[in-house]
Amino acid sequence: MEHYVTLFDSLFLPQGLALHRSLQRHAGAHCLWILCVDDVAYQALAAMALPDVRLLRLQDVETPELLAVKSTRSRGEYCWTLTPFAPRFVFDADPQVSRVTYLDADLWFRSSPADVFRALDRSGKGVLITDHLPAPEHDHSADNGRFCVQFLTFVRGRGDRVRAWWEARCIEWCFARFEDGRFGDQKYLDVWPELFGDEVHVLSSELPVLGPWNASRFPYSSAFAVHFHGLRLLDDGDVLIADNYDIPELTFRKVYRPYFVELSVVLGALARAGHALRPQAKRPGLKARVLSLLRRSYWKLRVAYRPSVHRLPRSSHGEAD
């Protein structure tokens with residue numbers, strides 16, 4: 001049985017519940033551990049008694065080193081700081097767990113991740129990480145990191161050194177800004193293949209996680225999971241999506257719209273349980289809506305007016321390299 005761990009507060013209950021529903025459909029025998037960042041989330045989830053879920057209350061697992069830096073981080077930054085500790089919390093809670101996969105709460109499975117774990121098993125390594133695999137026009141790896149903290153597996157006894165190193169770095173520094181080659185909890189992963197090459201397996205691009213940064217690079221059908229980065233629920237049940245990416249129309253219809261349906265179902269269940277929708281972002285004002293329209297127009301024109309004939313690049317010597 002596979003074990004997964006995610007973390008979120010009550011504001012992101014809808015995304016967390018959508019993740020759970022997708023695992024129920026596609027993950028086979030599994031357990032989803034949820035680190036509840038506030039009591040409202042814990043109480044709501046405990047009352048729902050979801051199948052294949054085990055809950056962790058933050059105050060029950062916080063370490064002295066985490067508490068020492070908590071006041072220096074925003075809520076989001078502290079959640080990032082918690083991320084490398086989440087697998088440890090699961091290992092400590094259940095000695096029978098042999099490996100744990102961290103999942104971002106806004107991840108959503110479209111098919112079984114079994115091939116991912118088979119790839120890790122074949123590698124013989126103790127850690128699995130996923131590349132952003134961005135489309136060239138959305139490559140921000142210099143600032144945000146080559147790898148994405150979205151789906152990340154640790155094997156007990158074989159990934160401990162990497163995890164402990166990551167925990168220590170995030171205690172030292174974990175902020176929502178680029179500084180001295182660091183960004184949040186994520187850019188630390190850039191050095192793992194070099195520092196821990198014998199322990200870290202990078203998932204092949206043949207098994208991509210689809211995100212808005214690579215939606216124009218990979219067909220939606222190739223992804224076993226989708227990362228809905230930047231998606232936020234507004235008041236009145238509207239949804240705000242990141243508009244600085246070119247999401248193909250087919251991907252929007254086949255991936256985003258079904259996720260909207262999932263969120264609607266989840267919101268209905270939360271409402272029946274007495275949990276009203278809390279907006280996750282402010283509704284964009286006129287200026288933001290105009291900029292959004294301009295961005296979407298740019299991406300449409302970029303595709304519509306792409307030339308059919310392209311000049312091949314020449315080497316500096318006028319010969320093929």
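The paragraphs below go through a predicted model, from its overall make-up to selected residues, rings, cavities and backbone angles.

The protein chain contains 12 helices and 14 strands. It has 321 residues, of which 49% count as buried. Among contacts in the protein chain with a separation of 6 or more, 72% are between residues 24 or more positions apart.

A good place to enter the structure is W108. This residue belongs to strand β5. Its relative accessible area is 7%, and because the limit for buried is under 20%, W108 counts as buried. Leaving aside residues up to four places away in sequence, W108 touches A18, S22, R25, A225, V226, F228, V255, P258, Y259 and E262. One of these, E262, also meets W108 through a polar contact between the two side chains, at 2.9 Å. On the side of lower residue numbers, L23 is 85 residues away from W108 along the chain, yet the C-alpha atoms of the two are separated by 7.9 Å.

The ring of W108 leads on to the aromatic pairs. A pair of aromatic rings is described by the distance of the centres and the angle of the planes. The model has 21 aromatic pairs. In one of them, W108 and Y259 are arranged edge-to-face, with 5.3 Å from centre to centre and 65° between the planes. This pair links distant parts of the chain, since W108 is in strand β5 (residues 107-109) and Y259 is in helix α11 (residues 249-272), 151 residues apart. Both W108 and Y259 are buried.

A second pair is formed by W165 and Y188. Why is the pair of W165 and Y188 edge-to-face? The ring centres are 6.2 Å apart and the planes are at 90°; planes over 60 degrees apart count as edge-to-face, so the pair of W165 and Y188 falls in that class. Here too, distant parts of the chain are linked: W165 is in helix α9 (residues 160-172), while Y188 is in the loop between β9 (182-183) and α10 (192-195), 23 residues apart. Y188 has a relative accessible area of 8% and is therefore buried.

The pair of W108 and Y259 also has a wider setting. Ring pairs join W108, F228, F252, Y256, Y259 and F260 into a cluster. F228 and Y259 from this cluster are also among the residues that W108 touches.

Other rings have a charged group over the face. R57 lies over the face of Y42, at 5.4 Å from the ring centre. In the case of F175, the charged end of R73 sits over the ring, 4.8 Å from its centre.

T153 is the next residue to consider, and its place is in strand β7 (residues 147-155). The relative accessible area of T153 is 0%, so this residue is buried. Which residues does T153 touch, not counting residues up to four places away in sequence? They are R99, V100, T101, F117, L120, G126, V127 and L128. With T101, the side chain of T153 makes a polar contact to the side chain, at 2.7 Å.

Burial can also be followed along a whole element. Helix α6 (residues 86-93) is largely enclosed by the rest of the structure, because six of its eight residues are buried. The buried residues in α6 are A86, P87, R88, F89, V90 and F91.

Enclosed space is the next topic. The model holds two cavities of 30 Å³ or more. The largest cavity has about 40 Å³ of space. Its lining is made of T130, D131, L133, L203, S204, L207, P208 and V209.

Two backbone angles remain. A49 is not a glycine, but it has a positive phi of about 50°. This residue is placed in the loop between α2 (39-48) and β3 (53-57). A49 has a relative accessible area of 58%, and because exposed means over 50%, A49 is exposed. D180 is likewise not a glycine and has a positive phi of about 50°. The place of D180 is in the loop between β8 (178-179) and β9. Its relative accessibility is 66%, so D180 counts as exposed.

Methods:
Residues are numbered from 1 along each chain as its sequence is written. This is a predicted model: local features need pLDDT of at least 70, side-chain atom pairs count only at pLDDT 80 or more; totals for chains, interfaces and linings use all residues. Side-chain values use heavy atoms; hydrogens and water are left out. Rings of Phe, Tyr and Trp (its six-membered ring) pair if their centres lie within 6.5 Å; planes under 30 degrees apart count as stacked, over 60 as edge-to-face and the rest as tilted. Helices (H or I, at least four residues) and strands (E, at least two) are DSSP runs, numbered from the N terminus. Buried means under 20% relative accessible area, exposed over 50%, partly exposed in between (1.4 Å probe, protein chains only). A charge sits over a ring if NZ of Lys or CZ of Arg is within 6 Å of the ring centre and within 35 degrees of the ring normal. A polar contact is a pair of N or O atoms within 3.5 Å; within protein, one must be able to donate a hydrogen and the other to accept it, and residues adjacent in sequence count only if both atoms are side-chain atoms. Contact means heavy atoms within 4.5 Å. On a 1 Å grid over the protein atoms alone, a cavity is a set of points where a 1.4 Å probe fits but cannot get out, and a pocket is an open set with protein on both sides within 12 Å along at least five of seven lines; lining residues have an atom within 4 Å of a point. Grid points are joined across faces, edges and corners, and a volume is the space filled by probe spheres set on the points.
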